[in-house]
Amino acid sequence: MNILDFMNAFFSDSAHWHGYDGIPQRFLEHIRYSLLALAIAAAIGLPVGLLTGHTGRGGNALAFIANAARALPSFGLLVLVVLLIGFGLLPVMIPLVVLAVPPILVTTYEAVRTVDPSPVDAARGMGMRESHILFRVEVPVALPLILSGLRSAAIQIVSTATIAAYVSLGGLGRYIIDGLYQRDYEKVVGGATLVAALALVTLALFWAAGRLLVSPGVRRR
């Protein structure tokens with residue numbers, strides 16, 4: 001059997017569409033883990049990136065932290081956290097957040113730093129507050145790059161959230177882990193296909209968000 005045969009066998013089996021181990025249930029679990037990790041990473045990365053990008057301070061420290069976080073293997077970190085605090089959702093969130101913060105943090109910083117200084121200086125000359133300059137002048141121009149950082153983080157989270165199955169949680173990784181253990185390659189291929197499909201959906205959603213949130217004048221640059 002080839003990959004297409006495995007895919008056809010997996011998706012045509014009605015047993016995979018119902019119950020606690022059905023595709024809809026696993027899909028929702030995977031989305032829940034991914035959204036939670038992305039929300040936590042954004043809550044950390046966006047404010048720090050915006051602040052340091054606006055002030056121009058801390059760029060070297062951000063680069064060091066981002067490179068250090070990127071060097072950490074997600075699965076190794078998961079095993080370490082499980083050994084320290086046990087099983088549960090928290091050990092899964094920690095490596096996913098560590099994975100997602102660097103692209104959000106660095107891209108947000110660079111996005112704000114590369115904004116044309118002319119409108120920023122003009123806003124200061126008009127007496128605007130620094131917070132107003134950041135959110136009314138810099139962020140609208142920097143938004144495409146900021147969204148690209150969020151998109152990159154979201155794709156990495158969706159692809160890596162399969163590790164949740166290693167600590168007995170759900171998600172699409174359940175098919176891959178169980179399939180490897182049972183030598184059921186239909187499950188392995190089906191799970192991998194679903195993860196890839198969700199990643200493509202994520203890309204499409206961020207493309208749509210860019211069309212809706214970024215002003216036409218900024219998009220044409």
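# Briefing: an all-helix pattern, its H9 contacts and its largest pocket

Read along the sequence, the chain runs α-α-α-α-α-α-α-α-α-α. The model is predicted. The chain holds 10 helices and zero strands. Its C-alpha trace spans about 65 × 40 × 25 Å along the principal axes. Two helix packings and one pocket are covered below, and H9 (residues 185–213) takes part in each.

**H1 against H9**

- Helix H1 covers residues 3–12, and its axis comes within 8 Å of the axis of H9.
- The two axes cross at roughly 90 degrees. H1 is therefore roughly perpendicular to H9, since angles of 65 to 115 degrees count as such.
- On the H1 side, the contact uses Ile3, Phe6, Met7, Ala9, Phe10 and Phe11.
- On the H9 side, these residues meet Tyr185, Glu186, Lys187, Val189, Gly190, Thr193 and Leu194.
- By class, the contact of H1 with H9 has nine nonpolar, two polar and two charged residues.

**H2 against H9**

- Helix H2 spans residues 23–55 and packs on H9 at an angle of about 50 degrees.
- The axes of H2 and H9 lie 12 Å apart.
- The angle makes H2 and H9 oblique to each other. Their crossing is right-handed.
- H2 brings Ile23, Phe27, His30, Ile31 and Leu38 to the contact.
- H9 answers with Leu194, Val195, Leu198 and Phe206.
- The contact of H2 with H9 counts eight nonpolar residues, one polar residue and no charged residues.
- Leu194 of H9 meets residues of H2 and also belongs to the contact with H1.

**The largest pocket**

- The volume of the largest pocket is about 250 Å³.
- Its lining consists of Ile31, Ser34, Leu35, Leu38, Ala154, Val158, Leu198, Thr202, Leu205, Phe206 and Ala209.
- Three helices each supply at least two lining residues: H2, H7 (130–160) and H9.
- H9 gives the most to the lining, with five residues.
- By class, the lining has nine nonpolar residues, two polar residues and no charged residues.

**Where packing and pocket share residues**

- Ile31 and Leu38 sit in the H2 side of the contact with H9, and both also line the largest pocket.
- Leu198 and Phe206 sit in the H9 side of that contact, and they too are among the lining residues.
- No charged residue appears in the contact of H2 with H9, and none appears in the pocket lining. The contact of H1 with H9, by contrast, includes two charged residues.

Methods:
Residues are numbered from 1 along each chain as its sequence is written. This is a predicted model: local features need pLDDT of at least 70, side-chain atom pairs count only at pLDDT 80 or more; totals for chains, interfaces and linings use all residues. Side-chain values use heavy atoms; hydrogens and water are left out. Axes are lines fitted to C-alpha atoms, for helices over the stretch in contact, and angles run from 0 to 180 degrees between N-to-C directions. Helices (H or I, at least four residues) and strands (E, at least two) are DSSP runs, numbered from the N terminus. Angles under 35 degrees count as roughly parallel, over 145 as roughly antiparallel, 65 to 115 as roughly perpendicular and the rest as oblique. A crossing is left-handed if the near helix is turned anticlockwise from the far one by less than a right angle, and right-handed if clockwise. Contact means heavy atoms within 4.5 Å. Ala, Val, Leu, Ile, Met, Phe, Trp, Tyr, Cys and Pro count as nonpolar, Asp, Glu, Lys and Arg as charged, and the others, Gly among them, as polar. On a 1 Å grid over the protein atoms alone, a cavity is a set of points where a 1.4 Å probe fits but cannot get out, and a pocket is an open set with protein on both sides within 12 Å along at least five of seven lines; lining residues have an atom within 4 Å of a point. Grid points are joined across faces, edges and corners, and a volume is the space filled by probe spheres set on the points.
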